[in-house]
Amino acid sequence: MKKLLALGALLALSSCTASDGDVLYANNDLVLVVGNAARMTCSCIFVMNMSEDYCRAWTKASPDIARFSVDRDAKTVEASSLISWSAKAKFIDDKRGCILQ
């Protein structure tokens, strides 16, 4: 049984590598968190026309490590986490909504 579990774990890990052996998405959790927070908050504010308080609650993840700032004039939202990771989303128009920059 232990051998079967070890084999399953090895197969799962091998599916996370690229053809050149590099691990895909290594340590990218914070990149995904800030990107998602920026785009979803931008969409909430500029597409759905909701308040910042509503959007803060709507996009809150657990653990809550992403912070965002809104520039209403430029129609952008910048999210950051732990100083090193950040992402910026910009409202383009009603048809395309918000995109990550």
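**Entry 1: strands S3 and S4**

I began with strand S3 and strand S4 (residues 97–100), which pair in the antiparallel sense over four bridges. The model I consulted is a predicted one. I noted that strands of a sheet pair through backbone hydrogen bonds, in either a parallel or an antiparallel sense. Next I looked up which residues face each other across this pair. Asp93 stands opposite Gly97 in S4, and Ala89 stands opposite Leu100 in S4. I then traced the connection and found a hairpin that joins S3 to S4 through three residues.

**Entry 2: strands S2 and S3**

I turned to the other partner of S3. Strand S2 (residues 76–81) pairs with strand S3 (residues 85–93) over six bridges, in the antiparallel sense. Within this pair, I located Val77 opposite Ala89 in S3. I recorded that Ala89 also has Leu100 of S4 opposite to it. S2 and S3 form a hairpin with three residues between them. In that turn I looked up Leu82, which has a positive phi of about 50 degrees.

**Entry 3: the whole sheet**

In what order do the strands of the sheet stand? I found an open sheet of four strands, in the order S1-S2-S3-S4, with antiparallel pairing. Strand S1 (67–71) and S4 stand at the edges; each has a single partner strand, so one side of each lacks a neighbour in the sheet. From one strand to the next, the twist averages 25 degrees. I also noted that side chains in a regular strand alternate between the two faces of the sheet.

**Entry 4: helix H2**

I then asked which helix lies across S1, S2, S3 and S4. The helix is H2 (residues 29–47), and it runs at about 30 degrees to S3.

**Entry 5: Leu30**

I chose Leu30, which has its place in helix H2, for a closer look. Is Leu30 buried or exposed? Its relative accessibility is 17%; because buried means under 20%, Leu30 counts as buried.

I looked up the contacts of Leu30, leaving aside residues up to four places away in sequence. Leu30 touches Ile65, Ser81, Leu82 and Trp85. Of these, Leu82 is the turn residue with the positive phi that I recorded under Entry 2. Finally, I checked Ile65: it is 35 residues from Leu30 along the chain, and the C-alpha atoms of the two are separated by 8.7 Å.

Note on methods: Residues are numbered from 1 along each chain as its sequence is written. This is a predicted model: local features need pLDDT of at least 70, side-chain atom pairs count only at pLDDT 80 or more; totals for chains, interfaces and linings use all residues. Side-chain values use heavy atoms; hydrogens and water are left out. Two strands pair if DSSP finds at least two bridges between them. Axes are lines fitted to C-alpha atoms, for helices over the stretch in contact, and angles run from 0 to 180 degrees between N-to-C directions. Contact means heavy atoms within 4.5 Å. Buried means under 20% relative accessible area, exposed over 50%, partly exposed in between (1.4 Å probe, protein chains only).
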